[in-house]
Amino acid sequence: MFWKKMFSDKPKVESKEEKQSFLQKLASGLEKTKSGFVAKVEEIMTGRKVDEELFEDLEEVLIQADCGVETTLFLVDQLREKARSEKITESTALKEILVDEIISLMDGNADTLKTPQDKPYVIMVVGVNGAGKTTTIGKLAHRFKQENAKVILGAGDTFRAGAIEQLAIWAERTGVELISHQEGSDPAAVAYDAVNAAKARGSDVLILDTAGRLQTKVNLMSELSKVHRVCVRELGRELDEVLLVVDATTGQNALSQGKLFQEAVPLTGIALTKLDGTAKGGIVLALANELKIPVKLVGVGEQYEDLQDFDPKLFATTLFGEGEYEE
Ligand SMILES: Nc1nc2c(ncn2[C@@H]2O[C@H](COP(=O)(O)OP(=O)(O)OP(=O)(O)O)[C@@H](O)[C@H]2O)c(=O)[nH]1
Ligand SMILES: [Mg+2]
């Protein structure tokens, strides 16, 4: 059976236990944000009079939680408007509206990984140093392997000492193949070999790692463009995904990373890592609203299974704990 079928059928065959553990992982990964950002919102939105002071307090909490100024002002304006038009005078009633606004804001810019069309399904992974690229690749390799896909990893980070070895360990752990050159070699040559090996070996998936770089270093960004160009040329089509890995704990800097990486390569999605490490979590809203690049994956821990498809409704209900999540 071609892997494409496995990929698209996977969510439907998930058992109840798997679903339960998935929800638990998300909940524990979001614990800090729940006790930080969400607790503050709940405090404001419970039993208070709806007045300008309330909106100002809410604004302050949203900005502190990394929601970004633009997104915060947008959300609070929406809420003011609703409070006026629906004549809401007590804050508890407004909370539900706020959660709905948050969901629709995230919904407008969330997506899942593209469904595979052609072999190999190619994902290029980019981002600043330490964002979680290599770990995310390991987690994706594990996921695809679970779906019986034949996976190759390309060790495109030839720059950082130990980077190739780190990816090699993930390849071994997950039981997938690895294409690598020596440290210090040309990453475009690794990309060339990786795409051609994937084609020659009939691999279902190729995931290409890249070296972390500051988004402001022009020469490194143009190196990334070159690696991407080589992949497209050797593949004879666009890549399936070019994922920007963003560390949720970097706050507003995530927005400038998105903008600058977008200039170098055609990003198709964001993997937001280390959500378990922040009490703010509002960065998801800022990314959704201010960058037009969909958030596709969220990292909520260091284990294999801690990389999840981003589901705005599930995300918001896990945070704000409004009843049971229904599909
Ligand atoms: N808690 C937590 N840690 C994570 C997550 N994703 C990655 N990490 C950790 O972040 C650190 C850096 O991860 P890497 O995958 O090496 O990051 P990278 O982007 O490849 O870094 P460079 O290769 O140096 O550019 C590691 O210690 C990972 O275990 C996550 O979702 N949650
Ligand atoms: Mg790395």
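**Ligand shell and the H7–H8 pair**

In this predicted model, 22 residues surround ligand 1, the closest being Gly132, Thr134, Thr135, Gly212 and Gly299; a residue is near a molecule if its C-beta atom, placed from the backbone, lies within 6 Å of it. By class, the shell holds 11 polar, 7 charged and 4 nonpolar residues. Here Ala, Val, Leu, Ile, Met, Phe, Trp, Tyr, Cys and Pro count as nonpolar, Asp, Glu, Lys and Arg as charged, and the others, Gly among them, as polar. Helix H7 supplies the largest share of this shell, 3 residues.

H7 (residues 133–146) also meets helix H8 (residues 163–174): their axes come within 10 Å and cross at roughly 20°. H7 is therefore roughly parallel to H8, a label for angles under 35 degrees. Axes are lines fitted to C-alpha atoms over the stretch in contact, with angles running from 0 to 180 degrees between N-to-C directions. On the H7 side the contact involves Thr134, Ile137, Gly138, Ala141, His142 and Lys145, and on the H8 side Gln166, Leu167, Trp170 and Thr174 (C-beta atoms, placed from the backbone, within 7 Å). These residues divide into 4 nonpolar, 5 polar and 1 charged.

Stepping back, the chain contains 13 helices and 8 strands, which are DSSP runs (H or I, at least four residues; E, at least two) numbered from the N terminus. Its C-alpha trace spans about 65 × 45 × 30 Å along the principal axes.

Residues are numbered from 1 along each chain as its sequence is written, while chains are lettered from A and ligands numbered from 1 in the order written. As the model is predicted, local features need pLDDT of at least 70 and side-chain atom pairs count only at pLDDT 80 or more, whereas totals for chains, interfaces and linings use all residues.

Definitions and conventions: Angles under 35 degrees count as roughly parallel, over 145 as roughly antiparallel, 65 to 115 as roughly perpendicular and the rest as oblique. Two residues are in contact if their C-beta atoms, placed from the backbone, lie within 7 Å.
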